[in-house]
Structure formats: structure tokens, C-alpha cells
Amino acid sequence: MSFSPGEEGGLSEAAPNVNTQDLFDNPSQTLAPGNTSEDQVSPVVDEASPSSTSSFEMLDMESVPTPYQEVQPHWFFCRRANDGTSWLPFSREDSDKLEWACNTGDKEEEVVVAVDGERYDVHVRERKRYAVYWEQAPAEVRRCTWFYKGDKDTRFMPYPEDFSKSLEEAYMIAVTLGEWKRKLEFPTGETVILHNPKLIMQYQPIGLQDEWVSSPSEQTRPRTVKRGVDNISVEIPDGEPEKVDHLVFMVHGIGPACDLRFRSIIQCVNDFRSASLSLLASHYKRAQQDGQVGRVEFLPVNWHSALHGDATGVDEDIQRITLPSISRLRHFTNDTLLDLFFYNSPTYCQTIVDTVASEINRLHTLFKQRHPEFSGAVSVVGHSLGSLILFDMLTNQRTGSEARERVPSGEPCRPNCDTLEQTLTKLGLQQYLDTLQAENLDLESLALCHDSDLKVLGIPLGPRKKLLNYVKRKWLPEDCKTETARLAPGLQVPPQVNSDHDGYQSSGLTAQQQQFHRAQSVTSAVDYEYFDVGIGQVSIDYPQLAFHPQTFFAFGSPIGMFLTVRGLKRIDPNYTFPTCKSFYNIYHPYDPVAYRIEPMIVSEVDLEPMLIPHHKGRKRMHLELKDSLTRMSMDLKNNVLGSLRTAWQSFARLPVAALPPMEAAENTIERNLQETQASAAVTASAKNEEKSDDFWTKILEWPRALHKHYFQGVCEEAESSVSAEQNEQSEIKVGMLNGGRRIDYVLQEKPIESFNEYLFAIQSHLCYWESEDTALLLLKEIYDKLGVAFEQPQQ
């Protein structure tokens, strides 16, 4: 049976039209249509390879023939990548659903089956798989029964369905009639030989072989053919539980790639989801068996493509001014690092936050439509710059009462009290009253004017800047000025006092801006039209989320650094997000982008971050040894210093010889006093000598005690000490940003990372997507609030 390589790495669908009944009547009858002599099933005779079977005659010829059983199909989908094309199997549950849909219903009507946790839809008749929540090219789907693998292939590849059907019919004839060692040829010159049920080979025609191959045996090297998915080495994934307990949105950082393999946010979130499913099976096994635990759904939020798309045109603008030298480095900079500057731009910052919020709300609505029974909570995760975006967004969320009291969107904020004439008089600009009144301008419309509008009216630069600055910064209500940097009320901080042009003092901070403590400025005030006070965010309109997040997880986050650069000295312990009551700052110890949050809240206490336990329930061995050696050196140092101190005291208290009496009357008193001192000194010296003996005894027995105390029980003592220390630190209240609980959590570095922290710095910033320890911390936080017991698996 001949084949030619197809575009999917399989073979072309050129296959003979097998007449099964004719073959039963005459086994040597030709199989190919058109009565050609090329495509036929015939007994194999001794001839040159690939028809010769002399090397296979002794293989498995004495096996008892088994009755024919129909092959069980399994469904695969094609995944294209830069390194080639691969075929991956669906889970058994999804494959059974696809098989059932294929065998039932109208053959012409399209049938859609939701697979992979309902994140994809398979159009069965079209044989395509479409993504539901994100943009992705459709993937080919195939009902697979026969597979092949060459010498250079790493995995078995499925044949096209038509070709597999032809192979199955030929196999059925051979099994039923018990006649093997037959070949099936195809017009393209390829041949499949059915030697026996366990040995089926495919030969390529010599013309398709490599011209540089000199050995005839290499030219005719066959492919191995297998029937059924159970006979090939492929890992079929486990199906996902249908019940969803929690929904998590994951926002990426700078650039289109999220790890060192330059994978997209979709692929990284898929890995994180797979890790969480594995951890649920191992750490919540009993709860899953009892039906208490379903799964956690993770959905990616992509904002980079919208920022760098055709809608903004920013890439074209940047490309025009980019130098031609070191093009790859400049392209990398434009595509990744510039996202930090875009976020600090009022124009593109609005695009970024609008994209993130709209994408989260869209995904949330779509998820609710596909899971109408879902009643769980929702959390958000941000990596790198994505965590800062979520932090600013959650800082500016409004509760229900605040949303009702807010001025409707698009309606201008009204001035407070004074009229236009009073305002111009106060500023000394009453000569421009007639000019403004001629255009029917009042304070409300003046607040909407720009510098160019007043310039058209003929107002000079100085007066128009003075007027616009006064109207926008002094006479707009505080709620309007801080609408885009709104924070929860309840914190006190001394307000910044600014003097207006008439000598009046006004507070530069409102109650809602007083939740963060701003460091006192040592530079002169600069009026940036697009920047606001508050926490230093760009003055934009922050959109509202359609839900209240339960927990905010920050991975490798620069939030602390950005808040400090914005001029914030500390965060008030009573501050909390308006709509989110839990916050975790998770970072790797070598992450160059990550910063802590707790020192900005509790500056008077030096708290070590909480160490995230290993997902296998222990501390990494190199960290255990490091802690043990540290404790050993401290104990040895304390013992040595204590012994030296004891010896010095014993020498300082030795008895002193009695001096001769100066007067006879004092002899008796002096003698008694000296005897008393001598006896006391002797007693102290004896005690010191005894202590010194104990010290040297300890020194001599130190190796035995060292082995027993530090190495024989290193794991038990390390775990108990770490557990006690973690419990003690976790009881410390660290503000209300995380409900009084600890905020900073640090991962354990790997042994190889501890050799050179600079070498693994970049990798440390991108490790969170594949970190099982991070995934377990998220699951534990989620299911602790659901009241599900955590189980530590046995080692």
C-alpha cells in the first residue's frame, strides 16, 4: 500500500478501494480499483526487498490465530509548533464523547462537542477543534485506528482515516482467512506487508529515499505499523472533573512570551492548570473521592496583542524611529521592555487597563454562559507588570454604594460654588470675562476646555495656564479629581497643604487619597496635566470588574518598587482593597523584578517572608543542611564563648595573699576578712574548674553529638523548627491588606540555583508558571476558604 507524506506528518489518503466480499471468495484477487496490477494483495515470494520476508519468517509464526475483533478508535488533535507537528490524544472521556457524536445523529448536520474542560469545541463533521475563550487557529481532529513510526520518529503518528480504513479491511481479511505474509501496494509505490498480527511493516519506494544513502539496506528501511492506540506508547491524559469550584484569571507581564521557551500566556496557563489538576489528585484525594472537590479553572488574559495591534499603531510609530543596528536586540526591547513605558503613558495606559478589564469581564460572562451551574468565587493572578495593572485596578474599584453615588459616566463634574466672574476676579483675570462670556463659557464648560481652545480665543499663555490650572485643580470636586485614583476610606495621614494664589490653603489629599503615606517631597512642585495625586497612578478612567475578586495573587511583582517610586513611603495597616479582601505577594528569592510589600506596612518589625513549603511536604535538602550547619556553628560559638567567659572569671576571682597588718589592733579583723574571702574564692574556683571540665568533656564528645543532633535527625528537626517558626511568624498581624495575615511568600530555590544566583536570575522571574509549589499555595488558599481538608501525601 503506497503513501506519500501528507502535510500533517502523516500519509496521503491514496488508498485502494477494497472489495471485502471478493477477497473472501478469492484471497489473491486484486484489491485496487480499475483492475490495475499495481495495487493488489498477493502472497509474498522471495524477491528483493522490500517484498522479501526472509528476515521475518521465524518471527511469531507459531502463535495461535485469534478471532477478529474490531479496532477501538481514539481521537487525536494536531498541534503545530515551531519544532514541527505533533498529534496528541484527547482524554478517554472526550474521545468517547466524540465517537458517540460521530456514530449518531445526522451525517450532514454539524455536531459540536465540548472537550478539554469545555475550553474547546470540536466540530465533528468538519474535523476541527476551535478555542472558546481565546483566539487560536483551528486544529485538525482525526479519528485514529492505525499508526506508524520511522526510525527517526520519536512517537507514533496516525494514518489518515481513509487509509486506516483500508488497512483495517485488509487486516480483517488476513485474520479471518488466516493467510498472512501478504502485501498491499499503492500507486505511489509504497508497500505495506502484513507478516503476522504482531508484525506489520511499511516500505517506502526507493525513489523517495535520500539520494546520498549508499547502503541498500538503509534505502529500504521500513516503518513500524501498529493497530489501535493500546499498542503504541502514548500517554492518554486523564479527564477533568466537570464541577468547577473556583475560577482564576491570569494576567501576563511584559512582552508576548511568558517563559524562556518563548511560549504564549495560553501555553503557560495550560501548564499551570495541568499542575493544579495533578496536585488536586495527590493532596485532595479523599475529598475528590467523596465528591467535595472538583477542579479550579484557570483562564489567560492577554493584553499585549491589543496594545501592539493595528488599532493603536504604536508598533509602526516605534519602528519608524528605531535605529537599524542590532536589530534583534532593538526588536526585543520594542516588543517587551517598552511595555513598562507604555503603562506610564496616559494614552496607552488607558488602552492597557481597558483591555485587561474588558477581557476579564468577557471571559467571566462567557464562562458563566457555558457553566450556568457555577456558584464559586473568582480570583485574579498577575505576573510581573500584570500584577501592577491588577493592583492599580483593584485599588480603584468601587463598592455598590460608591457606584450608585458616582457621577454617571460621560456626565461632566460640576464646579463647586463660585461663578466665572468671581473666579476671574480672584485670579486677577477679570479683563478676559467679556471674551469668555462671548463664547457662552461658564465654569462647567471651562473645565472641559484645553489649552488650544483658549489660545484660539486670543488669551495669552500665562493667563490661560493660570486659569486652566485653577479650574481643574481647585474648583473641581475632590470626587471628580480622584475618580481615577480612588482608594478605600478610613486611613489618616497629614494632608499636603498647598497655597492658592490668594493665600488660601487647601488640602491636596482627600480622605480617599490618605490611605497611602506619601514621602515628603524635596523638590519643587511640578504641574503635570495628566498626572494625579493619590498613589501616583496615571490619571485615567479605571474600568470596573463585573465581580468582586476573592483573592489577588501577585507573581514576581514590582508593586512595592512602583509604589515607592511614586512617592509612597508606607501603606497604612488599615488599608484594604475596596472589593478584594485577600492579597498574596509570591516571589522567587533570586527574582530581579520582585519586591516585598510587608516592610511598607510594618516598618518597625523586621519580618522574614513566609517560606512556601515544598509540594512534597518537606524542605529542600540543601536548605535543611544549610540551616543545620548554621545552628551548629551558632551552638559551637556560644559554647566556646561561654567557656572562655567562665575561665576568665575564674582567673579574676583567685584568692590574694594577705598583706602584713599595719597596726596590731587591726590584725584580728584583717585575718577574719581574708579567711572569709579565701574560702569564697576557693569555692568559686572549684565551681569554675568543674564547669571547665564539663566544657572540655563536651568538646571531646562533640563529634558524636554533632552526628546525632544535626545529621541523624536533620529532617525531623528541620521540619519541626521550620513549622514552629512559620506558625509563630504567621500569627503576626501585617495590616488588613490580606485580612491580617502574612502577605510576602518566598519560594524555595533549587539546589542548582543556589550555586550562582546571577546565572538563574532571569529564569527565576519566569519560573512561576511551572512551579508546583506556587500552584499548591493557590489551591490551599482556595480550598481552605471552602472548608476542604488538606492532605499531605505519603513520601
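Analyst: A polar contact is a pair of N or O atoms within 3.5 Å; within protein, one must be able to donate a hydrogen and the other to accept it, and sequence-adjacent residues count only if both atoms are side-chain atoms. Heads-up: this is a predicted model, where local features need pLDDT of at least 70 and side-chain atom pairs pLDDT 80 or more, while totals for chains, interfaces and linings use all residues. Numbering runs from 1 along each chain as its sequence is written, and side-chain values use heavy atoms, with hydrogens and water left out.

User: Which side chain does the side chain of glutamine 202 make a polar contact with?
Analyst: Glutamine 202 sits in strand 12, residues 199-203 (strands are DSSP E runs of at least two, helices H or I runs of at least four, numbered from the N terminus). Its relative accessibility is 0%, so glutamine 202 counts as buried (under 20%; exposed is over 50%, partly exposed in between, 1.4 Å probe, protein chains only). At 2.7 Å, the partner is the side chain of tyrosine 159.

User: Are helix 10 and helix 11 roughly parallel or roughly perpendicular?
Analyst: Helix 10 covers residues 346-370 and helix 11 residues 385-395, with axes (lines fitted to C-alpha atoms over the stretch in contact) 11 Å apart. The packing angle is about 80° on a 0 to 180 degrees scale between N-to-C directions. With 65 to 115 degrees as the bracket, the pair is therefore roughly perpendicular.

User: Which residues of helix 11 does helix 10 meet?
Analyst: On the helix 10 side, look at Ile352, Val353, Val356, Ala357 and Ile360. Counting heavy atoms within 4.5 Å as contact, they meet Ile389, Leu390 and Met393.

Methods: Parallel < 35°, antiparallel > 145°, perpendicular 65-115°, else oblique.
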